[in-house]
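Work through these exercises with the structure open beside you. Try each task before you read its solution.

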Amino acid sequence: MNTTSRRPLRAVASAATALLVAGLLGACGGTTAEPETMVSATLGQQQDAEASASASADTFGYEGRTGATALELLLEADPSAEVTGEGENAFVTAINGRAADDSKNEFWSLSVDGELAQVGAGSLETVDGQEITWTIDTF
């Protein structure tokens, strides 16, 4: 499995695009910021967007909501999540297109505010402001 990140390549492509746009606008007599400023702004926006997404395919998180279970909120945040069983017997097998690999003894573990959950997702009543995190783990 290739684990090489493609982020540096995207950053270079974004920087090159910003410089090209700056050059074209400058050649057309349009008002534009210095190319270095545009590159910094473009790279900053890209990094902000990447930071707001899940840290990796092996982690998925969302905020708790009073009166909703972790499972209900998961299915709202990712309607394509795969679950076997239901209610307090539900077992999450895939989130955000990433399935736990049985051959590697993987499973999706549930944490609340950084602590492993003591009950299943279908039983875990959340409250506003809690940080609910799912992470691929192994046993």
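## Exercise 1: A threonine in a loop

Thr126 sits in the loop that links strand E6 (115-116) to strand E7 (131-138). The model is predicted, so keep that in mind throughout.

**Task.** Decide whether Thr126 is buried or exposed, and find which backbone oxygens its side chain reaches.

**Solution.**

Step 1. Check the accessibility. Thr126 has 2% relative accessibility. Buried means under 20%. Thr126 is therefore buried.

Step 2. Look for polar partners of the side chain. The backbone oxygen of Arg65 is reached at 2.8 Å. The backbone oxygen of Ala68 is reached at 2.7 Å.

Step 3. List the surroundings. Set aside neighbours within four places in sequence. Thr126 is then in contact with Gly64, Arg65, Thr66, Gly67, Ala68, Thr69, Ala70, Leu73 and Ile132. Arg65 and Ala68, from Step 2, are in this list.

## Exercise 2: The whole chain

**Task.** Describe the protein chain by its elements, and state what share of its residues is buried.

**Solution.**

Step 1. Count the elements. The chain has three helices and seven strands.

Step 2. Read their order from the N terminus. The pattern is α-α-β-α-β-β-β-β-β-β.

Step 3. Turn to burial. The chain holds 139 residues, and 28% of them are buried.

Step 4. Turn to the surface. About 9000 Å² is exposed, with 54% of it supplied by carbon and sulfur atoms.

Step 5. Ask how far contacts reach along the sequence. Take contacts between residues at least 6 apart in sequence. Of these, 53% join residues at least 24 apart.

## Exercise 3: The sheet of four strands

**Task.** Give the strand order of the open sheet of four strands and explain why E1 and E6 each have one side without a neighbour.

**Solution.**

Step 1. Write the order. It is E1-E7-E5-E6, and the pairing is antiparallel.

Step 2. Find the edges. E1 and E6 each have a single partner strand, so one side of each has no neighbour in the sheet.

Step 3. Examine the pair E1 and E7. These strands pair over five bridges. Phe60 has Trp134 in E7 as its bridge partner. Tyr62 stands opposite Ile132 in E7.

Step 4. Examine the pair E5 and E7. Seven bridges join them in the antiparallel sense. Glu106 stands opposite Thr138 in E7.

## Exercise 4: The sheet of three strands

**Task.** State which strands form the edges of the open sheet of three strands, then place Asn96.

**Solution.**

Step 1. Write the order. It is E2-E3-E4, with antiparallel pairing.

Step 2. Find the edges. Strand E2 (82-84) and E4 are the edge strands, and each pairs on one side only.

Step 3. Look at E3 and E4. Two bridges join this antiparallel pair. Ala94 has Ala99 in E4 as its bridge partner.

Step 4. Place Asn96. The loop between strand E3 (91-95) and strand E4 (98-99) holds this residue.

Step 5. Find what Asn96 touches. Neighbours within four places in sequence are left out. The contacts are then Phe60 and Asp78.

Step 6. Compare sequence and space. Asn96 and Thr59 are 37 residues apart in sequence, and their C-alpha atoms are 9.2 Å apart.

## Exercise 5: The core and helix H3

**Task.** Identify which element gives the most residues to the largest nonpolar core, and explain why the buried residues of H3 line one face.

**Solution.**

Step 1. Recall a general tendency. In soluble globular proteins, nonpolar side chains tend to be buried together.

Step 2. Find the centre of contact. The largest nonpolar core has 20 residues, and Tyr62, Leu74 and Trp134 touch the most other members.

Step 3. Name the contributors. Strand E1 (59-63), helix H3 (70-77), E3, strand E5 (106-112) and E7 each give two or more residues to this core. H3 gives the most, with four.

Step 4. List the buried residues of H3. They are Ala70, Leu71, Leu73 and Leu74. Seen down the axis of H3, they fall within an arc of 165 degrees, so they line one face of the helix.

Step 5. Ask what covers them. The cover includes E1, E2, E3, E5 and E7.

Step 6. Zoom in on Leu74. Residues up to four places away in sequence are not counted. Leu74 touches Phe60, Tyr62, Ala81, Val92, Ile95 and Trp134.

Definitions and conventions: Residues numbered from 1 in each chain as written. Predicted model: local features only at pLDDT ≥ 70, side-chain atom pairs only at ≥ 80, totals over all residues. Heavy atoms only, no water. Contact = heavy atoms within 4.5 Å. Buried < 20%, exposed > 50% of the residue type's maximum accessible area, 1.4 Å probe, protein only. Polar contact = N/O pair within 3.5 Å; in protein donor to acceptor, adjacent residues only side chain to side chain. Pairing = 2+ DSSP bridges. Core = buried A, V, L, I, M, F, W, Y, C linked by side-chain atoms within 4.5 Å. Areas by Shrake-Rupley, 256 points an atom, 1.4 Å probe, with all protein chains shown as cover. Arc of directions from axis to C-beta.
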